[in-house]
Every structure is written in structure tokens, then in C-alpha cells.
Amino acid sequence: SSNMEADVSLKFRQQLLLIDENLVAEDVAALKFLCTDLLPFRKLESVKSAVDIFQLLMAEEYLNEEDTFLLAELLYRIKCHSLLKKLGYTKEKVQECLHEKARVSPYRQMLYELSENITNEMLKDIVFLLQNCLPKRRIPLSALELLILLEKQGLLTENNVQLLEEVCMNVSPDLLETVNCYKRAKVCSIRSFNVLWSDYKHTGKFYFHLFKHWGTNSGKYKATSPQNLHCLTLETSEYSLPHRYTGVHTANLGNTTKLNKFIEAVSFFPLFLQKMTSYKMDGPHRGFCLVINNVNFDKSLQERKGSCKDAGELERVFTWLGLDVRTYTDLTSQEIKDLMRTWQRLQDHKDRDCFICCILSHGESGAIYGKDEELVSIRMIMSHFTAKQCPQLAEKPKLFFIQACQGKEIQCPVYVEADARIPDLSSMQQSISPSESIPEEADFLLGMATIDGYVSFRHIQQGAWYIQALCSKLQLLVPRGEDILSILTEVNEDVGRRVDRLGTKKQMPQPAYTLRRKFIFPIPRDPPPS
């Protein structure tokens, strides 16, 4: 029995070593920061590696062979999702358990999220503003170090974020909004009520319990009968966090104004969570958007009538969304590859929030045609923009929208054309799904006009069903604060409802993605272009 226990303990420690080997210095710094409320600060200061943190967690009985959830939560918080399987967890399993087992406080999460969104330029500005508050001997090298310094000096606590607010007000409105959302969500300013909430349930629901204050002899709030217990549930969609209120029992509240204030305060909590889980989109420039529009081809492929309308619509909509749009027409396969290499090497990406590429052409499974009727792999196109190949876009969202068939042409009426060629059966390539086209690493989205093996349709005057639906839904839903996956779901619904004029041809788009956060376009000041 003791041998078996020793084997289990050895295997557990081997797993911890494997995790340690996969964490870089920034990850270790993040783990240290997230453990600040759990471990003695003096001991944390001497930490040099993840193994040191694991030792401290085990010494404080937060971590052992039977209970590894805290470490799983920490890895989840710093987005090292691939390491969760070494502890027997998945990202989804951690999300399910968070509402009951989470140990990292909303305050610590908020500070960590702030640090993730503070750029080097912002950090310089913040250090300058706080020069009189910081020790002369220590200039912080990172946002996390700065926050720790402020906490050490008592200038920043769970209940006092005023200095942080003042700094953020000067540096970035988006940073300020994260702090404000935390403040609003933390406490409801109703004298006779206490609000207790669990951590966000990643199933998409929040639970809030409202108790009448009956006295504090025991140091706790309590309800003496079921009638005095009031519950408010906020339900949210998995992606976009729209909220609605259900099951509000108002008996014995006495004052409707108090309930309204309570609801108003609580309603900001989803905004805080949206901030915690959205890509940063407050840089000096939104990003570049490439539109490759292949209309004419050299050999047997037909002219893609109506595609210029699509290209124009994409340019108008993405310009409205703040992107710098560049359009290229009738490129050969080699020119497409060369163009990708040019944009891959562009240093200007570092000041941009995201990158978008739209390709309109004929296509086959997992590939699009150049003007010379040679195929270019979609995966190869996207691979130019991985973190290794294009470090300026590392951890930034990269969106690709492809309007092209992914299979055989079918007969269709003159008013609707298919973006495919009649395949040469002897040279038909292997079927490739969108999920196989997308690079394995994070922060990519591939929006395909159709599922693999099928054609996509384009009206010779009105443009492609998919592109027209995409542009329409972006204009409708971005001003409502919807994220890109919610918008693409609406695009699916729109295109799925369409049929050709004889009612015989249908199409279904398909997105594939490795996004780690919600991608939400900032709402433009100008009205939509059409």
C-alpha cells in the first residue's frame, strides 16, 4: 500500500515537472500574481519557477494528488489550456467547476486582466503618473510588478481602487471601464441588503441571492423564513452576454427603488465579465483588412460576375469598422503567396488590434484558385500569420473570410452561379474541412461560405449570398455589441434561409476558430454605410 502511494505521489510530481517545463517566465509571473491572496507574500517573492509555486501550494495544502483543481484553475486563468489534460481536466470541465471551487477572487482576476491589456507605452505613462508614489530604487519592469508595488504600499486594495481609476482615466478609457465594472459588480449600495454571488458559471448563468438583513449578532446575514429570501437570476448567452432578468420575487422588499438600484448595480456584472473575456480592441489603429477579389481567370474558369459588388461592400463595411482596407484584383497563385509574405513581414501590425483577410474566388476543398487557375491552400495562406511567422500579430485575433466553393459545381439557374469549376475526377483532391485548414494555434477564425464538398452561390448582380449576409449582419449587430461568433451564427441563419429563384438550391456557411476570447468590434461613431 505504501509503495502504491509512493508511486502515485511520484507520478503526480512528474506531472508537475512536465507542466513546469511548458511554462515560460511570463507564465510563472502570472501564476505568482494570481496566488498573491493565497500564499504568504514573503515566500512568493523568492519564487523562481513554477515548481517553487507548486511546492508552496502543497505546503499550504492547496494542492495534492487527490485535489488539483486550484492548479487547473490557475492554468485556465493564464490560458494554458493545453496543459490541463496533464491534470485530467479539460477547459470545459474547469469552466463547469469554477462556480463552486474557484479560489482566485474577482479582484485578482480584474487586476490580472488589466495587466494583460496594459501595453508597454501605457506602462510608461502609468509609471510617469505615479512617479511620486513608487519607490525611487525600483522602477517596475512589468504591469504585474507595478500592481504588486501599489498593493505593497497600501495604495491598491480589494476595497480601494481609487488610484487605479485615476490612472486609467488618464491612460485608457477601456482600462477604466474594466475597473468600473468590477466596482459596480462588487457591491450593491443598498443599506439593508447583502448580495452574495457565486463566480460566473460558464454554463452561461449567474445566480444572485438577496437576503433581508435581520441583524448581525452572529456576524452573518440570514433569512428567517422562505418569504424573506429573494432570488435574481441573470441568464446570458454563451458568447455575447446579453442579459435578462428572470424570477425576481419582490414580496417584503418594501421599497421598489431599492430593488431597482440593486438590479442596476448587478446588471453591470456581465459587462465586467465581457471585459475579462474579450480581445483588446483599444489600440491606436484597428488593423489591416485585405480583400483579394479574383474575377477573371486565364483558362476554363468562368468570370465571377457580381464579385466586384462584394468587394466594394466589404471595403465599405470594414472601413466603417475602423480597418485600413486594401483591395487586390485578379491575382495569380504565386502573387497571392507573395502578397501573404509581404503582409506577414509588415512591422505596422504591432500597433494594430487585429488582422482580417477576405478572399473572393473560385475554389475546391480546402483551397482557392489564383487567376492562373492554380490552387492555393487556405491553410498555407493562414499559416503566414501564426505567432512564429508573424510575431507582431501574436495573441491578436486573425480573421479570414473565404467566398469560394469547396466542392463540385451543380447545375443552377442563370441568375445564380456557383463559385466552383467542374472537377476533373482523375485529379480530385482529398476533402479538407475548415477545421483542418485552420492553424492549430490560438487566435484564428476562418469563415467559409459553405461546408466542405459543396458549392457556394453568387448572384450575378447582387453578389454572393454569404458576403452580402456577412456585411448586412455586421452593420446590424456590431452596434448592438454582439461578438463575431454570434454574428456568424446570424449569418448562417440568413444564408441557410436563402434559396435560388426556383427554390431548389441551398447553402450553409461554416466557421472554424481557435479564438481564446470574444472578438467584439468597438461600436463605430458613424452610422452603418448602407
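Helix α7 is largely enclosed by the rest of the structure, since 10 of its 12 residues are buried. The model described here is a predicted one. The buried set in α7 consists of Y107, R108, Q109, M110, L111, Y112, E113, L114, S115 and N117, a list in which charged and polar side chains sit beside nonpolar ones. The helix covers residues 106-117 and reaches 17 Å from its first C-alpha to its last, close to the 16 Å expected at 1.5 Å a residue. Three residues of α7 meet a neighbouring helix through E151: Y107, R108 and L111 are among the residues touched by E151, together with F33 and L156, when residues up to four places away in sequence are not counted. E151 itself lies in helix α9, residues 143-152. At a relative accessibility of 19%, E151 counts as buried, because the limit is 20%.

For the wider setting, the chain contains 19 helices and 16 strands. Of its 530 residues, 51% count as buried. The accessible surface comes to about 25500 Å², and carbon and sulfur atoms contribute 49% of that area. Among contacts with a separation of 6 or more, 71% join residues 24 or more positions apart.

The nonpolar interior can be followed next. The largest nonpolar core has 69 residues, of which L23, L57, L75, I78, M110 and L164 touch the most other members. At least three residues of this core come from each of domain 1 (1-104) and domain 2 (110-187). A second, separate core holds 39 residues, including L321, A449, V478 and L515. M110, one of the residues named for the largest core, is also on the list of buried residues in α7. Another residue named for that core, L57, touches C35, L39, Y62, L63, L70 and L74, with residues up to four places away in sequence left out.

I78 leads on to D27, a residue of helix α2 (residues 25-34). Outside its sequence neighbours up to four places away, D27 touches N22, I78 and C80. The C-alpha atoms of D27 and C80 are separated by 8.6 Å, although the two residues are 53 residues apart along the chain. With a relative accessible area of 16%, D27 is buried.

L176 offers a companion case in helix α11, residues 173-186. It is buried, with a relative accessible area of 16%. Leaving aside neighbours within four places in sequence, L176 is in contact with E165, C168 and M169. The C-alpha atoms of L176 and E166, 10 residues apart along the chain, are separated by 8.3 Å. C168, one of the contacts of L176, is buried as well, with a relative accessible area of 4%.

Cysteines deserve a brief look of their own. A search of the whole structure finds 0 disulfides. In keeping with this, C357 is in no disulfide, and the nearest cysteine sulfur, that of C358, is 6.7 Å away. That distance does not meet the criterion, because a disulfide needs the two sulfur atoms within 2.5 Å. C357 is buried, with a relative accessible area of 0%.

Helix α14 provides a second check on helix geometry. Its 14 residues, 307-320, should span 20 Å at 1.5 Å a residue, and its end C-alpha atoms are 20 Å apart, which agrees. The buried residues of α14 are S307, D310, A311, E313, L314, V317, F318 and W320. An α-helix has 3.6 residues a turn, so residues three or four places apart point the same way. α14 is followed by G322, whose phi is positive, near 95°.

Positive phi values also turn up in loops. Most residues other than glycine have a negative phi. E61 is not a glycine, yet its phi is positive, at about 65°. E61 is placed in the loop between α4 (50-59) and α5 (69-77), and it is exposed, with a relative accessible area of 70%. K79, likewise a residue other than glycine, has a positive phi near 65°. K79 is found in the loop between α5 and α6 (91-101).

Definitions and conventions
Residues numbered from 1 in each chain as written. Predicted model: local features only at pLDDT ≥ 70, side-chain atom pairs only at ≥ 80, totals over all residues. Heavy atoms only, no water. Helix = DSSP H or I, 4+ residues; strand = E, 2+ residues; numbered from the N terminus. Buried < 20%, exposed > 50% of the residue type's maximum accessible area, 1.4 Å probe, protein only. Contact = heavy atoms within 4.5 Å. Areas by Shrake-Rupley, 256 points an atom, 1.4 Å probe, with all protein chains shown as cover. Expected span 1.5 Å × (residues − 1). Core = buried A, V, L, I, M, F, W, Y, C linked by side-chain atoms within 4.5 Å. Domains from an automatic or database assignment.
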